[in-house]
Amino acid sequence: MKTAIATVSISGDLREKLAAIAAAGFDGVEIFENDFLAFDASPRDVGKMVRDHELEISLFQPFRDFEGMPEPQRSRAFERARRKFNLMNELGTDLVLICSNVSPLALGGIDRAANDLNALGDVAKEHGVRIGYEALAWGRYINDHRDAWEIVRRADHDQVGLILDTFHSLARKVPNESIRSIPGNKIFFVQLADAPMIDMDLLYWSRHFRNMPGEGDLDVTGFMSAIAATGYDGVISLEIFNDQFRGGSARSISQDGHRSLVYLMDQVRRTEPDIRIEVPSMPPRVEVEGIEFVEFAANEQEANELGTMLSTLGFAKTKRHIAKAVDLWQQGDIRIVVNTDQTGFAHSSYLTHGTNVCDIGLKVSDAKATVERAKALGAAPFSQPVGPGELEIPAIRGLGGGIMHFVDRSGDLAKVWETEFTPLSTGANVINAGLTRVDHVAETMPYEDMLTWLLFNTSLFDTHKTPMVDVVDPAGLVRSQAIENADGSFRVTLNGAENARTFAGRFLEESFGSPVQHLAFECHDIFKTVEALTSNGFKPLVISPNYYDDLDARFGLAEDRMEMLKQRGILYDRDDQGGEYFQLYSPTYAEGFFFEIVERKGGYSGYGAANAQFRIAAQKRHLRHYAMPKR
């Protein structure tokens, strides 16, 4: 499997781009002409620089407004082509992209275009180069790959082939099946990009909103499956035009790009097993059965404060690690680990972020296979010294500085809590609040990093993404999108903060990028849960009375039910199918972390997005109070 990426896809000058592309593991690069023209080095030096990075120049692009031109523009176009072919010889590449003509001077006609490409094929042969013809979605006459293929077919020249680009075809909703009849040897190159589904001008959509395969809404997998079925075994490349990517980290975006191609081709291989493209072997996407544990890093004082809050939530401290200052708190199927040990990763995490969620353990079908797939997708495995009696638990480095451990039900991993922990008899008078499991983990990141987190999770785990929603904060918008498995036992919400004034942005700034901002626990009867919480001394986040007046107007709930919600600080939502959602929030802890308690009824599958702005306003009021100097 040969991979490449266009230089236009990432930020930096050409030298910086090549370094990032090579570091991400690509085999080749598309040199976008403007990147070359803006760089102060000769074509031969650029070619050498590419090869010094152990890359090849897979494509030089684009060559515009060629076919179907009247004289004298036609002769001028051939002369331009000869100059580009000489330049390609110096660079050391043999393939150029010719995109369909958009000039108002262009003349229509498939035969006219085919004759021009045939004639240019003779010139290309003299220079030892090949021509790839591509249909632009906004081409003046040719904007469909079916017409582009017909032109290439009629040109009937060994040096002339077809270039296929997902965006140009899928944006125009050209059927993927139309590709399967094209001979694989006449497809010279494949460019891939995804995009969110937006109804806008095709050129503007293309130039600003493309993203990596798997990050958008286009059927890139179906497109590539059709190409693979033709017998194509050439380069698979990314051509991404995205304002956000152009301003981001070249290395990070390149890594995302390479991960997206590996993930895409793994999907393709599973639908088209007889393809000629060699795809890295890896286990299938991982089935997550739930959250095994959530681990906090803290010092002793802050661990005591956290423990007090956990006690009010009905958790009991049940076990302590056999060798480390690590305590286990439990309720239902929820395990909270509090690590105050002065060594290891957790301590480093505390020194960096303060008290934070440093580790999430997932229950998976096969822990070792999970790490194998993660490594194939470019994730880094994690390990640290294991003491006597401790287990080697498979783990990887996640995003945002945290780690992820994986536990399955086979062998010693199934007995980790009995092996590494000893029971405690605390005698604490804590009332179980009926919390049953982790409903979801909410992770916060800068908005520009959301697609990275989305791709990381969906490529590794057998999950799907929900539509993005806008969460209104008094200081700006926060973009929110959830990743879920089929039965809802694994849910992660991604919340992208656009500025540091929002509640989410403040958390990122104050915690130095700690990813997990809140944990949501499920219960079966929130009103009984509140009774137990009150007995434990829990004090919920105070919600404005104005919220409940509006709630009554929107849903017309029974008077006694409305009063119960209001008196207990419970937020409420209902979907179009009658599913109900109840939410209760703790006050904020540390630098903006908080707990949520939820009850889902009637198949409600959302996250109470309509309530978010009222919850945020209440949290900001609490933060102001919390930040005031103590007397």
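In which sense, right-handed or left-handed, does α1 pass α3? In this predicted model, α1 passes α3 in a right-handed crossing. The contact is formed by Leu14, Arg15 and Leu18 on the α1 side and by Val46, Met49 and Val50 on the α3 side, and by class it comprises five nonpolar residues, no polar residues and one charged residue. Two packed helices are described by the angle between their axes and the distance between the axes. For helix α1 (residues 14-24) and helix α3 (residues 43-52), the angle is about 25° and the axes lie 10 Å apart, which makes α1 roughly parallel to α3.

A division between buried and exposed residues is found in helix α19, which spans residues 545-555. Tyr547, Tyr548, Leu551 and Phe555 of this helix are buried, and, because the buried residues fall within an arc of 95° when α19 is seen down its axis, they line one face of the helix. An α-helix has 3.6 residues a turn, so residues three or four places apart point the same way. Asn546 and Ala553, by contrast, are exposed on the other side of α19. Just after α19, Gly556 adopts a positive phi of about 60°.

A further glycine, Gly184, is located in the loop between α7 (166-171) and β7 (187-192). Gly184 is buried, its relative accessible area being 11%. When residues up to four places away in sequence are not counted, Gly184 touches Thr230, Gly231 and Tyr232. Of these contacts, the one with Thr230 joins residues that are 46 residues apart in sequence, yet 4.6 Å apart in space from C-alpha to C-alpha.

Conventions
Residues are numbered from 1 along each chain as its sequence is written. This is a predicted model: local features need pLDDT of at least 70, side-chain atom pairs count only at pLDDT 80 or more; totals for chains, interfaces and linings use all residues. Side-chain values use heavy atoms; hydrogens and water are left out. Axes are lines fitted to C-alpha atoms, for helices over the stretch in contact, and angles run from 0 to 180 degrees between N-to-C directions. Helices (H or I, at least four residues) and strands (E, at least two) are DSSP runs, numbered from the N terminus. Angles under 35 degrees count as roughly parallel, over 145 as roughly antiparallel, 65 to 115 as roughly perpendicular and the rest as oblique. A crossing is left-handed if the near helix is turned anticlockwise from the far one by less than a right angle, and right-handed if clockwise. Contact means heavy atoms within 4.5 Å. Ala, Val, Leu, Ile, Met, Phe, Trp, Tyr, Cys and Pro count as nonpolar, Asp, Glu, Lys and Arg as charged, and the others, Gly among them, as polar. Buried means under 20% relative accessible area, exposed over 50%, partly exposed in between (1.4 Å probe, protein chains only). The arc is that of the directions from the helix axis to the C-beta atoms.
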